[in-house]
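Reader: I have a chain open here and would like to talk it through with you. Could you set out your terms before we get into details?

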Amino acid sequence: MNATELLASLSERGVQIWVDNDKLSIRSPKGVITPELQAELTALEHGIANRT
């Protein structure tokens with residue numbers, strides 16, 4: 001999954017993502033961000049930060 005697809009998928013689940021002081025910030029409903037999703041977010045952080 002690329003950064004755009006991941007952002008769309010997370011948005012559909014109610015996850016908010018923004019960049020604050022060059023750091024990715026996330027607000028999500030409880031249980032949405034699994035360890036697997038967290039790893040994917042970390043791997044794609046640079047690409048996501050450029051899209052938000």
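Author: Let me start with burial: a residue is called buried under 20% relative accessible area, exposed over 50%, and partly exposed in between, with a 1.4 Å probe and protein chains only. This is a predicted model, in which local features need pLDDT of at least 70 and side-chain atom pairs count only at pLDDT 80 or more, while totals for chains, interfaces and linings use all residues. Residues are numbered from 1 along each chain as its sequence is written, and side-chain values use heavy atoms, with hydrogens and water left out.

Reader: Okay, so what is the order of helices and strands along the sequence?

Author: Along the sequence the pattern reads α-β-β-α-α, which gives three helices and two strands. Helices (H or I, at least four residues) and strands (E, at least two) are DSSP runs numbered from the N terminus.

Reader: And what is the radius of gyration of the chain?

Author: The radius of gyration is 10 Å, close to the 10 Å that the globule rule gives for 52 residues, so the chain is as compact as a globular protein of that length. That radius is taken over C-alpha atoms, and the globule rule is 2.2 Å times the number of residues to the power 0.38. Along the principal axes, the C-alpha atoms fill a box of roughly 25 × 20 × 20 Å.

Reader: What percentage of the residues is buried?

Author: Buried residues are 25% of the 52 in the chain. As for contacts, meaning heavy atoms within 4.5 Å, residues 24 or more positions apart account for 47% of those with a separation of 6 or more.

Reader: Which residues make up the largest nonpolar core?

Author: Eleven residues form it: Ala3, Leu6, Leu7, Leu10, Val15, Ile17, Leu24, Val32, Leu37, Leu41 and Ile48. The elements that give two or more residues to this core are α1 (3-12) and α2 (35-43), and the largest share, four residues, comes from α1. A nonpolar core here is a set of buried Ala, Val, Leu, Ile, Met, Phe, Trp, Tyr and Cys residues joined through side-chain atoms within 4.5 Å.

Reader: Staying with α1, which of its residues are buried?

Author: In α1 the buried residues are Ala3, Leu6, Leu7, Ser9 and Leu10. They cover an arc of only 165° around the axis, which puts them on the same side of α1; the arc is that of the directions from the helix axis to the C-beta atoms. Their cover includes β1, α2 and α3 (45-49).

Reader: What caps the N-terminal end of α1?

Author: Asn2 does, with a side-chain oxygen 3.0 Å from the backbone nitrogen of Thr4. Just after α1, Gly14 takes a positive phi of about 90°.

Reader: Which residues other than glycine have a positive phi, say in the loop between β1 and β2?

Author: Asn21 has a positive phi of about 55° although it is not a glycine, and Asp22 is another, with phi near 65°. Asn21 lies in the loop between β1 (16-20) and β2 (23-27), and Asp22 is in the loop between β1 and β2 too.

Reader: Are Asn21 and Asp22 buried or exposed?

Author: Asn21 is exposed, with a relative accessible area of 71%, and Asp22 is exposed at 78%.

Reader: Moving into β2, what does Leu24 touch?

Author: Leaving out residues up to four places away in sequence, Leu24 touches Ile17, Trp18, Val19, Glu45, Ile48 and Ala49. Leu24 lies in strand β2 and is buried, with a relative accessible area of 14%. Ala8 is 16 residues from Leu24 in sequence and 16 Å away in space, C-alpha to C-alpha.

Reader: Ser25 is polar by name, so to speak; is Ser25 buried or exposed?

Author: Ser25 counts as buried at 19% relative accessibility, and its place is in strand β2. With residues up to four places away in sequence not counted, Ser25 touches Gln16, Ile17, Trp18 and Asp20.

Reader: Ile17 keeps turning up, so where does Ile17 lie?

Author: Ile17 lies in strand β1 and counts as buried at 17% relative accessibility. Measuring aside, the model places Ile17 and Ile33 12 Å apart in space, C-alpha to C-alpha, with their positions 16 residues apart in sequence.

How values were computed
Polar contact = N/O pair within 3.5 Å; in protein donor to acceptor, adjacent residues only side chain to side chain.
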